Amino acid sequence: MKQPSKLLIDLFKAYYNARKNKRKSPDCLDFEMNYEKNLFQLYQEIINKKYKISSSLCFISFYPVKREIFAGNFRDRIVHHLIYSYLSPLFERIFIYDDYSCRLKKGVSLGIKRLDYFIRSCSKNYSQDCYILKLDVKGYFMSINREILYNKVEKTVNRFEKELTIDKNLLLYLIHLIVFHKPTQFCHIRGKKNDWIGLPKSKSLFFTKKGAGLPIGNLTSQLFGNVYLNDFDHFVKNNLKCKYYGRYVDDMIFVHQDKKYLKSLIPKIKDFLKKELDLEIHPNKIYLQHFNKGVSFLGVIIKPYRMYIGLRIKKSFYKKIKKWNNLIISQKGELTEIQLKEFLAIINSYLGFFYKCSSYNLCVNCFYKKLSPYFVKYICVVGGYKKAIPAPSFSMFLSKFKK
């Protein structure tokens, strides 16, 4: 019996990864109705280089900030995961350690932890002066030059060609399709035109300059966002000799004992970004302060010996609480087992984040003032608000009901 090709096996793996947390979406359900046939068809299109990208769904996301999102069709998201599975291991070898976004075992938590370490180390545990410079790229994803991006990706693929488990030309064919695709053409708009009111043109794909812009919402865009600034990361480390530097997407953080040194970096950074990447620093988002003043980074405010939850995270948390309060009230104080599991997953994702910060009062305010009294019979908190678990009485009821 003929063994399936490595590409076909990888395509099935990409499908299983793409459908995680998406199984309720209409295009995912439609694809799953006959997923084996659909995957084989997609496989044939790829190997014959006849694959075409479907139209995207465009809408405005209002939380945590207002953003324009282009959600690819489920079929295309499978291809995104396939490309990611081939490219990510290659770029992991050349990314700096302190690039936190969209990387395994990194993310927001490590970014916060590393900045706290930078400040402690640079200030000799808060005993000496040190300063923090924070920069942000203006309209980052909408300003990415596709030609420059593709050349960077192609260069790395050629460099590690012998380590690829897919034909190089086939991989570059797929990457070229994704990078140069214009999702604004033939996209479906969800929502009202008024949703775009107040969104700066620098944050919309409909107003990007020719040859620029990547859609927010695709897995490949997250990876390419790291790829595009990778040379800049090495410039900061190797040319500017900045020891304490980290980046999450386009949010850059620099820590140093000398305030004048940090000031001197700004024009050098601006010059490199403009000449090499056609990017510019947001003039209204340049932050340079002593560490005693604190710094807001990735949803927390870091101060000496303590960290606080940022306002954006608090608002998001209270919004979730309000949503679940309305649900349990509408159901006259009743929750199904599935709903309880979903609620606990949401609450614990926040509590796990809060536990690392000075958030005791926030948690007390939530569970004793904000949360509906109906939840008392369903959940309880343990470990000093470290985790929420099903209330013992409800757990006993479920075990008896199952028997």
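The residues of the lining of the largest cavity divide into five nonpolar, six polar and one charged, where Ala, Val, Leu, Ile, Met, Phe, Trp, Tyr, Cys and Pro count as nonpolar, Asp, Glu, Lys and Arg as charged, and the others, Gly among them, as polar. The structure described here is a predicted model, in which local features need pLDDT of at least 70 and side-chain atom pairs count only at pLDDT 80 or more, while totals for chains, interfaces and linings use all residues. Residues are numbered from 1 along each chain as its sequence is written, and side-chain values use heavy atoms, with hydrogens and water left out.

**Cavity and pocket**

A cavity is a set of points, on a 1 Å grid over the protein atoms alone, where a 1.4 Å probe fits but cannot get out, whereas a pocket is an open set with protein on both sides within 12 Å along at least five of seven lines; lining residues have an atom within 4 Å of a point. The structure holds one cavity of 30 Å³ or more, and the space in the largest cavity comes to about 90 Å³, a volume being the space filled by probe spheres set on grid points that are joined across faces, edges and corners. Among the residues that line the largest cavity are Ile-53, Asp-76, His-80, His-181 and Leu-214.

The second largest pocket holds about 520 Å³ of space. Its lining is made of 19 residues, of which Leu-57, Phe-59, Ala-71, Arg-77 and Arg-190 lie nearest the centre of the pocket. By class, that lining has five nonpolar, eight polar and six charged residues. At least two lining residues come from each of α2 (26–32), β1 (57–61) and β2 (67–71), where helices (H or I, at least four residues) and strands (E, at least two) are DSSP runs numbered from the N terminus.

**Helix α4**

Helix α4, residues 74–92, has 19 residues and reaches 26 Å from its first C-alpha to its last, close to the 27 Å expected at 1.5 Å a residue, the expected span being 1.5 Å times one less than the number of residues. At the N-terminal end of α4, Asn-73 acts as a cap, with a side-chain oxygen 3.0 Å from the backbone nitrogen of Arg-75. Further along, α4 bends by about 30° at Tyr-86, and Pro-89 follows within four residues; the bend at a residue is the angle between axes fitted to the seven residues ending there and the seven starting there. Of the 19 residues of α4, 14 are buried, a word that means under 20% relative accessible area, with exposed over 50% and partly exposed in between (1.4 Å probe, protein chains only).

**Residues in loops**

The table gives the loop in which each of four residues is found, together with its relative accessible area.

| Residue | Loop | Relative accessible area |
|---|---|---|
| Lys-49 | between α3 (35–47) and β1 | 44%, partly exposed |
| Asn-125 | between α5 (107–122) and β3 (131–136) | 41%, partly exposed |
| Ile-197 | between β4 (188–189) and α9 (219–228) | 57%, exposed |
| Cys-242 | between α10 (230–239) and β5 (244–248) | 1%, buried |

Lys-49 has a phi near 55°, a positive value in a residue other than glycine, and for Asn-125, also a residue other than glycine, phi is positive and near 60°. Ile-197 lies 10 residues from Cys-187 in sequence and 19 Å from Cys-187 in space, C-alpha to C-alpha. Cys-242 and Leu-262, by their C-alpha atoms, are 9.3 Å apart in space and 20 residues apart in sequence.

Methods. Polar contact = N/O pair within 3.5 Å; in protein donor to acceptor, adjacent residues only side chain to side chain.
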